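User: I would like a close look at one part of this model, namely the charged side chains and how they pair. Please take the pairs one by one and then describe their surroundings.

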Amino acid sequence: MKIGMSHGAGGEVMGDLIKETILNNLSKKSVNGGISLDALDDGSTIPMGDYEIVLTTDGHTVNPLFFPGGDIGRISAAGTINDVSVMGAKPLAISNAMIIQEGFPIEDLDKIMKSMNATCEEVDVAVITGDTKVMEQDKLDGIVIVTTGIGIAKKGEIITDSGLEVGDKIIITGSVGDHGMSLMSFREGFGFETELKSDVAPMWNLIKKALDVGGVTAMKDPTRGGLANCINEMAKKSGVGIKLQAEAIPVKEAVKAASEMLGIDPFEVANEGKVLMGVKAEKADEVLAAIKSEEYGKDAAIIGEVIADEDKVLIETAIGGIRILETPIADPVPRVC
């Protein structure tokens with residue numbers, strides 16, 4: 001068996017590869033009793049006195065490098081910042097390792113670095129270390145960026161993706177499918193570019209407002225595999241069921257149109273500027289209001305609730321029918337981040 005594109009696209013295929021081939025070959029996967037690699041959360045933690053350090057790392061191979069709403073510099077910074085943030089930790093800094101194709105335009109590299117810097121500045125994150133390598137022209141496609149993020153939270157205040165409890169409300173911080181569908185439409189030249197843009201953005205400021213209200217029980221950013229993969233992973237890890245209302249899930253009209261044209265479910269497509277969270281029912285409206293006060297949260301909505309139903313994710317359609325929202329095999333849009 002050989003590696004295929006689906007092995008890096010989120011969903012079941014990638015999950016099996018990670019568990020069977022990667023995790024099984026590593027013996028030490030945690031430090032000081034912190035959240036380990038085995039948890040497969042958005043990051044791991046290292047307890048240090050009264051605090052916990054959160055560490056995460058991300059490789060970025062997005063194609064094209066520049067797309068409506070962003071570029072590889074913005075997505076490299078935002079993706080890593082968001083993985084730290086959804087664990088309830090204040091992001092402090094990132095590292096930036098770049099592998100660049102021989103002949104790559106320095107003007108493009110300059111744009112990428114400016115974009116990365118602007119994204120970090122939004123949430124007061126520093127780029128404090130890095131590495132630069134160059135490979136032969138026929139050995140690499142443009143540029144690959146690997147970023148590692150570090151953040152900090154008080155001990156006991158870490159948020160995992162496995163903390164959902166029956167009765168919690170489910171909040172999505174904005175419309176789904178924007179990133180993946182904008183990339184696919186741009187690649188295929190379907191003319192949606194004026195309406196469709198990636199949602200790529202750093203989410204810490206929004207998350208901080210939700211945490212200040214309180215009642216957040218679980219968080220995850222629905223990147224590869226989209227909402228469908230993210231919500232199923234949270235349900236399975238938490239040992240609960242979830243019932244979503246299809247009509248409550250925000251989807252832009254341009255995303256719907258592009259999805260129908262391409263035969264792609266927007267619930268299975270990557271987002272790069274959204275957070276899916278569980279919130280105590282009595283706090284849900286207040287948390288939603290706090291999120292909607294932020295620029296990146298104006299389309300946020302309560303889309304369902306946690307139920308006791310054996311790890312299943314159910315979705316109620318507009319006409320009152322119920323179907324199971326399955327974990328996707330893989331994200332239908334390759335090289336999405």
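Analyst: What follows goes through the salt bridges, then the helix that holds one of the partners, then the loops and surface patches. The model is predicted, and the description should be read with that in mind.

Side chains of opposite charge can pair when their charged atoms come close. Counted with a limit of 4 Å between a side-chain nitrogen of Lys or Arg and a carboxyl oxygen of Asp or Glu, the model holds 20 salt bridges. Three of them are described here, followed by a network.

One salt bridge joins the side chains of K133 and D131, with 2.5 Å from N to O. K133 has a relative accessibility of 44% and therefore counts as partly exposed. D131 is also partly exposed, because its relative accessibility is 35%.

Another salt bridge pairs K274 with D178, at 3.7 Å from N to O. K274 sits in the loop between α7 (253-262) and β11 (276-279), and D178 belongs to helix α4 (residues 178-188), so this pair ties together parts that are 96 residues apart in sequence. Both K274 and D178 are buried, which puts each of them under 20% relative accessible area.

A further salt bridge lies within a helix: the side chains of K256 and E253 meet at 3.4 Å, N to O. An α-helix has 3.6 residues a turn, so residues three or four places apart point the same way. K256 and E253 are 3 residues apart in helix α7, so about one helical turn separates them. K256 is partly exposed, as its relative accessible area is 36%, whereas E253 is exposed, with 59%. Elsewhere, salt bridges that share partners link D42, D161, K220, E233 and K237 into one network.

Within that network, E233 can be placed in more detail. E233 is part of helix α6 (residues 226-238). With a relative accessible area of 23%, E233 is partly exposed. Apart from neighbours within four places in sequence, E233 is in contact with L40, D161 and K220. The C-alpha atoms of E233 and G297 are 23 Å apart, and their positions lie 64 residues apart along the chain.

Helix α4, which holds D178, deserves its own look. Which residues of α4 are buried? They are D178, H179, G180, M181, S182, L183, M184 and S185. With 8 of its 11 residues buried, α4 is therefore largely enclosed by the rest of the structure. The cover over the buried residues of α4 includes β3, α2 (72-85) and α7. Just after α4, G189 has a positive phi of about 70°.

L40, a contact of E233, leads to the loop between α1 and β1, where L40 is located. L40 is not a glycine, yet its phi is positive at about 50°. Its relative accessible area is 23%, so L40 is partly exposed. N32 lies in the loop between α1 and β1 (44-48) and has a phi near 55°, a positive value in a residue other than glycine. N32 is exposed, because its relative accessible area is 53%. L26 is also placed in the loop between α1 and β1, and L26 is partly exposed, with a relative accessible area of 40%. Together, I22, L26 and L37 make a nonpolar surface patch of about 230 Å².

Some charged residues lie outside the salt bridges. E12, D16, E20 and E326 form a negative surface patch; residues in such a patch have no salt bridge. One of them, D16, is in helix α1 (residues 11-22). D16 has a relative accessible area of 41% and is therefore partly exposed.

A last point concerns the backbone. The peptide bond from N63 to P64 is cis, with omega near 5°. P64 is in the loop between β2 (51-60) and β3 (66-67), and β3 is among the elements that cover the buried residues of α4.

Note on methods
Residues numbered from 1 in each chain as written. Predicted model: local features only at pLDDT ≥ 70, side-chain atom pairs only at ≥ 80, totals over all residues. Heavy atoms only, no water. Buried < 20%, exposed > 50% of the residue type's maximum accessible area, 1.4 Å probe, protein only. Helix = DSSP H or I, 4+ residues; strand = E, 2+ residues; numbered from the N terminus. Patch = residues over 30% accessible without salt bridge, like charges linked within 9 Å, V, L, I, M, F, W, Y side chains within 5 Å. Areas by Shrake-Rupley, 256 points an atom, 1.4 Å probe, with all protein chains shown as cover. Lys, Arg positive; Asp, Glu negative; His and termini not counted. Charge placed at Lys NZ, Arg CZ, Asp CG, Glu CD. Contact = heavy atoms within 4.5 Å.
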